[in-house]
Amino acid sequence: MQVAIAGGGISGLAVAWHLRRLGIDVTLFEAGARVGGKIRSERVSGFLCEWGPAGFSSDDPAIAMVLSGTGLDGRRMAARGARRRGVFAAGRVETVPQSASALLGFRLLSTREKLRAMADLLRPPRPLGDRVSAGETLASFGMRHLGRGGAEKLLYPALPGVYAHDPEKTEAAAAFPWLVELARAQGSILRSAPELLRRADAGLASFPDGMQELPAALAESLGAAVHREAPLRRIVAKPDGFTISVGGADGESAEEARADVVVLAVPAGAAAELAGPVDEIAGRALAAIPYVPVTLAFLDLPAERAGGAPHEAGGEGRDGPDSSGLPAAGSERRLPGEPGTFSGHGYYSPPGAGRLAGAIYASSLFSGRAPEGRQLVTTRFGGACRREDAALPDEELLRRSAEELSEVAGRQVGARLVRAVRHEQALPQYTAGHASRVAAIDAAEARRPGLFVIGNAVRGLGVADCMKQARSTAERVARFVNAER
Ligand SMILES: Cc1cc2nc3c(=O)[nH]c(=O)nc-3n(C[C@H](O)[C@H](O)[C@H](O)COP(=O)(O)OP(=O)(O)OC[C@H]3O[C@@H](n4cnc5c(N)ncnc54)[C@H](O)[C@@H]3O)c2cc1C
């Protein structure tokens, strides 16, 4: 049986790795010269710039299996202070309250907004739960529970990746199934705030040399099965499987091969072009998944402290700032965790607030991200609500970042742009109708046996979602292969 996988991002690599584990030979074709797709870690003048994810949720058996199977287990670094997620409003950043009682001291909501949010506590607990309608948007879900202020300043900042999405257009159950499930089980979102923050964080981790270690380890264990600079150009259905065309600058010079199974783990646009001629319904559904641009600016700032406690490889992260507390020679005399310092996860700016979509305190989350005496903050531009900002020139990215970070810090911070990274098609959007598009894509497996489609465009926006999908898809592919043998 010939199993071909297109796409050397985390989805394609993980599905290939699981298939190998299940005793099935695979060939993986990656269009680019490197594997990892959106995951890419680059060292620039001692700063570790993460082009895509800065970390990933590592609390899942599907992920534990990959980490131990690739030998990455001992290199996993847990994030520090990941649950301290901030929100920007009225010129300052506040940490999202970790419990309903902490809401009383939260300064970014008016008394009226707090009372509205706290009404969520009156919702009956199980077994009545919450009634979420199938296509409900994130905005409607959030406002129903917490009112507009509560949705924007309590709920959205707690959700990973939300900066890139438009809550008014995002299907809540498709983008954040665990949130909707939590609401169904508990009734109140506010009552389950600690659990919500725990699930949003879910063991946020990375590696000493950055996220790139994950795809690199998978590719290494797959060895010669991974073909780089080998784009899948075309799939033609045959009575006994598929003919695939791979490589070449144009369709004519591509090489043809036979495949019994084709797994598409490429972005939705590429998947639509490849799947469309084989299964029109899946092709149309894939073509309808929109993407948004995101630009990241990596900022070099003076450190606020000396060194800091190092991460223990494989150790547990502490949900708080480092406690070394010694200011570095020549650095600002501020201690981590004080208001105006860049410690914790970073912050989210609700649509219309601030000059940025938000920021990640990269060197606070993970050690080894900045040289001694410096710190790295990554600012975000673009996304669905600020699309045009993704095209700002470098000078403007720096100007806006420096202004906003100075406002957040309550003092002038001397920021330098280490580099900017631009993704024109950064993240897929799970807009109205996403669940039905996914159903149409999934049904292609029955209409066109041997064709499988996975990736972050379909069922789960984060690295962990892709890895979970990869495992279940590999199990379905294995069942198909074993039945056909
Ligand atoms: C700026 C940014 C920040 C993010 N932050 C986080 C985060 O903090 N935490 C988190 O969990 N997730 C985050 N994500 C999301 C996460 O990175 C993605 O969900 C995940 O990496 C997607 O993996 P994938 O394999 O599905 O797709 P991709 O990574 O897009 O991989 C697809 C691969 O297919 C290849 N390809 C395309 N066409 C062809 C073809 N015809 N033939 C062969 N190969 C082809 C591409 O070259 C690419 O390598 C972030 C993403 C971005 C962009």
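**Close-up views of a predicted model**

**View 1. Seven strands build an open sheet of mixed pairing.** The strand order is 8-7-16-17-18-15-19. Strands are DSSP runs of E, at least two residues long, and helices are runs of H or I, at least four residues long, both numbered from the N terminus. Two strands pair if DSSP finds at least two bridges between them. Strand 8 (92–95) and strand 19 are the edge strands, each pairing on one side only. On average, neighbouring strands of this sheet are turned by 30 degrees against each other, direction ignored. Axes are lines fitted to C-alpha atoms, for helices over the stretch in contact; angles run from 0 to 180 degrees between N-to-C directions. This is a predicted model: local features need pLDDT of at least 70, side-chain atom pairs count only at pLDDT 80 or more, and totals for chains, interfaces and linings use all residues. Residues are numbered from 1 along each chain as its sequence is written.

**View 2. Strand 7 meets strand 16 in parallel.** Three bridges pair strand 7 (residues 85–89) with strand 16 (residues 346–348). Val87 has Tyr348 in strand 16 as its bridge partner.

**View 3. Three strands form an open antiparallel sheet.** The order is 11-12-13. Strand 11 (232–238) and strand 13 (255–259) stand at the edges with a single partner strand each, so one side of each lacks a neighbour in the sheet. Neighbouring strands here are turned by 25 degrees against each other on average, direction ignored.

**View 4. A hairpin through two residues joins strand 11 to strand 12.** The two strands run antiparallel, and six bridges join strand 11 to strand 12 (residues 241–246). Leu232 has Val246 as its bridge partner. Ala237 stands opposite Phe242.

**View 5. The largest nonpolar core has 152 residues.** Such a core is a set of buried Ala, Val, Leu, Ile, Met, Phe, Trp, Tyr and Cys residues joined through C-beta atoms within 7 Å. Buried means that 20 or more other C-beta atoms lie within 10 Å of the residue's own, with C-beta atoms placed from the backbone. Ala271 and Ala275 touch the most other members. Helix 15 (residues 463–484) gives the largest share of this core, eight residues.

**View 6. Shell of 38 residues around the ligand.** A shell residue has its C-beta atom, placed from the backbone, within 6 Å of the ligand. Gly7, Gly9, Gly37, Pro53 and Gly462 come nearest. Helix 1 (10–21), strand 15 (291–302), strand 19 (416–428) and helix 15 each supply at least two shell residues.

Technical notes:
A residue is buried if 20 or more other C-beta atoms lie within 10 Å of its own, exposed if 12 or fewer, and partly exposed in between; C-beta atoms are placed from the backbone.
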